[in-house]
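Me: I am new to this structure. Please show it to me, and then I will ask how its descriptions are earned.

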Amino acid sequence: MTNSNGDISPEVLPMGQDGLIVRFALTSSAQATSAVQRFFGIADAAGLKGVQEIAAALTSVLFKFDPLRTTRADLAQELGALLARFDLQATEMPDAIRLWHIPVQFGGTVGPQLQEAAAMAGRSEAQAISDVTDTDLRVLTIGFAPGQPYIGLLPPQWDLPRQTELTPKVPAGALVVAVRQLVLFANPSVTGWRQIGLCAFRPFLPTRSEPIALQQGDALRFSAVTEDEMARISADNPDGLGGARCEVLR
């Protein structure tokens, strides 16, 4: 967890009958995010015996194992050995393999809470849009719904609380903001986050050759488009990528 002087102090904790969690902090921060992303990559490359699945969350990494191939104690020992060599003080993110460029229409009827969110962050609407489009973002985790990304981190002024009341429904493609993060909704949903824009990009589309488009660790840049441009993108969107472009970096 995060101790009193702000350093990251990881814990290895049991999760169910066949899981372990390495938890770096209780709340998200740039340091915790970096630790999670870097440790995920190191553990994934380590070929840990009996591990069937590794999943990164905002402040922790989950390891699911096959009890017929390893034990909880043995896996905990292996994870402890990896942590003993792990740089807990680093704050840089690991190099991304892919960079997604995703068009988004901000404000107006498709971003009805942009003005409110911008004011809470002490920004004008134009500055708020620039904060989103100029920040080098990462897919921090996939969750809540199939393929749905939690994206971050935005600058510190965007550490906004969730709404006190739920929005009954936002559409698929809604871009919402809270706690320095963005979520791009895969399906229509209730939310406590503020909607600032809309994409034609669908993170999950069962009929697509790759139904889940994004992966944890992907780099991501949003680009602002006009209402007319978004209408053209949406009118010709058979693959659900909504004008997005994926650039392979390495």
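## Reading the model

Reply: Start between two helices: Phe39, Ile42 and Ala43 in α1 meet Leu79, Leu82 and Leu83 in α2. Keep in mind that this is a predicted model.

Me: What makes the residues of the contact of α1 with α2 nonpolar, polar or charged?

Reply: The residue type decides. Ala, Leu, Ile and Phe count as nonpolar. The contact holds Phe39, Ile42, Ala43, Leu79, Leu82 and Leu83. Therefore the division is 6 nonpolar, no polar and no charged.

Me: Why is α1 called oblique to α2?

Reply: Helix α1 covers residues 30-45, and its angle to α2 is about 125 degrees. Roughly perpendicular stops at 115 degrees, and roughly antiparallel needs over 145. The value of about 125 degrees fits neither class, so α1 is oblique to α2. The axes of the two helices lie 11 Å apart.

Me: Which hand does the crossing of α1 and α2 have?

Reply: The crossing is right-handed.

Me: How do you know that β2 and β4 pair?

Reply: Pairing needs at least two bridges. Strand β2 (residues 19-23) and strand β4 (residues 60-65) have 5 bridges, so they pair. The sense is antiparallel. One of the bridges sets Arg23 against Ser60 in β4.

Me: What makes β3 a partner of β4?

Reply: The test is again at least two bridges. Strand β3 (residues 51-56) is joined to β4 by 5 bridges, so β3 passes. These strands run antiparallel. Ala56 stands opposite Val61 in β4. The two strands form a hairpin, with 3 residues between them.

Me: What order do the strands of the open sheet take?

Reply: The order is β1-β2-β4-β3, with antiparallel pairing across the 4 strands. The edge strands are β1 (11-14) and β3.

Me: Why are β1 and β3 called edge strands?

Reply: Each pairs on one side only. From one strand to the next, the twist averages 20 degrees.

Me: Where does α2 lie, and at what angle does it run to β2?

Reply: Helix α2 (residues 72-84) lies across β1, β2, β3 and β4. Its angle to β2 is about 25 degrees. An angle under 35 degrees counts as roughly parallel, so α2 is roughly parallel to β2.

Me: How is the chain divided, and how many residues of each domain are in contact?

Reply: Domain 1 spans 11-85 and domain 2 spans 98-248. Their centres, taken over C-alpha atoms, are separated by 28 Å. In the contact, 9 residues of domain 1 meet 8 residues of domain 2.

Me: Where is Leu88, and what does Leu88 touch?

Reply: Leu88 sits in the loop between α2 and β5 (98-106). Leaving aside residues up to four places away in sequence, Leu88 touches Ile8, Pro10, Phe24 and Gln31. Leu88 and Arg38 are 50 residues apart in sequence, yet 9.8 Å apart in space, C-alpha to C-alpha.

Me: What kind of peptide bond joins Gly152 and Leu153?

Reply: That bond is cis, with omega at about -5 degrees. Leu153 belongs to the loop between β7 (149-152) and β8 (167-170).

Me: What is notable about phi of Phe144?

Reply: Phi is near 75 degrees, a positive value in a residue other than glycine. Phe144 is in the loop between β6 (137-142) and β7.

Conventions: Residues numbered from 1 in each chain as written. Predicted model: local features only at pLDDT ≥ 70, side-chain atom pairs only at ≥ 80, totals over all residues. Heavy atoms only, no water. Axes fitted to C-alpha atoms, helices over the stretch in contact; angles between N-to-C directions. Contact = heavy atoms within 4.5 Å. Parallel < 35°, antiparallel > 145°, perpendicular 65-115°, else oblique. Left-handed = near helix turned anticlockwise from the far one by under 90°. Domains from an automatic or database assignment.
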